[in-house]
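Colleague: I should be grateful for a close look at a single part of this model, explained for someone who is new to the subject.

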Amino acid sequence: AGCEPVRGKTVVDIGCGPGVYAIALAKRGAAHVCGVDFSKSMINLAKQKVKNEEDGHRCKFIHADFMTYPFADKFDYAVAMGFMDYIQDAKKVVERILSLTREKAFFSFPDSSGLLAWQRKLRYTKKCPLFMYSEKELHTLFRDIICKEYQIKKISRDFFVTVNIAA
């Protein structure tokens, strides 16, 4: 719902996984959606999934490290859903995302409080590092980056952050 209006806009989906957001945005009228993920198997899934979609020609999926990939241009919107959970240096990544965005950037950050967070931390102990945040930490992060306008909303087990670059 954050990417409005999406018709005719360009979007980068960072950590796109199997392409769920990218494909949905293309269906809603985005001119071009670029999905980037460092997991080759996720990119392959996204490429298979998009083949059956009428608006699939608007999607491009790239197997690459988002932090080093040489994008040719900026995007109107950036989407980073379920991506910040695995990022140790959030400031560096957020700065990179904002540097590639013209209008708005959308992030999800997992909440560090509550039973769900505790269970999730336990589950991920041996799988991979998992990074969680408090609302206070997010305010500090976005203030330090000097975002003109940002909004933090609590949604289930995550915080949804919208940064309005064009403000």
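In which sense do β6 and β7 pair, and over how many bridges?

Modeller: β6 and β7 pair in the antiparallel sense, over six bridges. The model is a predicted one, in which local features need pLDDT of at least 70 and side-chain atom pairs count only at pLDDT 80 or more, whereas totals for chains, interfaces and linings use all residues. Residues are numbered from 1 along each chain as its sequence is written, and side-chain values use heavy atoms, with hydrogens and water left out.

Two terms are needed at the outset. Strands (DSSP runs of E, at least two residues) and helices (DSSP runs of H or I, at least four residues) are numbered from the N terminus. Two strands pair if DSSP finds at least two bridges between them.

Within the pairing of β6 and β7, I155 has D158 of β7 as its bridge partner. Two residues stand between the strands of this hairpin, and S156 takes a positive phi near 55° there. K154 lies over the face of F159, 5.5 Å from the ring centre; such a charge sits over a ring if NZ of Lys or CZ of Arg is within 6 Å of the ring centre and within 35 degrees of the ring normal.

The hairpin belongs to an open sheet of seven strands with mixed pairing, in the order β3-β2-β1-β4-β5-β7-β6. β6 (150-155) is an edge strand, as is β3 (59-63), and each of them pairs on one side only. Neighbouring strands of this sheet are turned by 15° against each other on average, direction ignored. For such angles, axes are lines fitted to C-alpha atoms, for helices over the stretch in contact, and angles run from 0 to 180 degrees between N-to-C directions.

β7 is also joined to β5, by seven bridges, and these two strands run antiparallel. Five of the seven residues of β7 are buried, so this strand is largely enclosed by the rest of the structure. Here buried means under 20% relative accessible area, exposed means over 50%, and partly exposed lies in between (1.4 Å probe, protein chains only). Helix α5 (residues 135-144) lies across β5 (101-110), β6 and β7 (158-164), and runs at about 160° to β6.

One bridge between β5 and β7 leads further into the sheet: F106 has T162 of β7 as its bridge partner. F106 is itself buried, at 3% relative accessibility. The whole structure holds 11 aromatic pairs; rings of Phe, Tyr and Trp (its six-membered ring) pair if their centres lie within 6.5 Å, and planes under 30 degrees apart count as stacked, over 60 as edge-to-face and the rest as tilted. The rings of Y77 and F106 form an edge-to-face pair, because their centres are 5.9 Å apart and their planes stand at 70°. Since Y77 lies in strand β4 (residues 75-80) and F106 in strand β5, the pair ties together parts that are 29 residues apart in sequence. Y77 is buried as well, with a relative accessible area of 1%.

Y77 is in turn among the contacts of K9, which, leaving aside neighbours within four places in sequence, also include D76 and E103. Contact means heavy atoms within 4.5 Å. K9 has its place in the segment before β1 (10-14), and counts as buried at 17% relative accessibility. The side chains of K9 and E103 are joined by a polar contact of 2.8 Å. A polar contact is a pair of N or O atoms within 3.5 Å; within protein, one must be able to donate a hydrogen and the other to accept it, and residues adjacent in sequence count only if both atoms are side-chain atoms.
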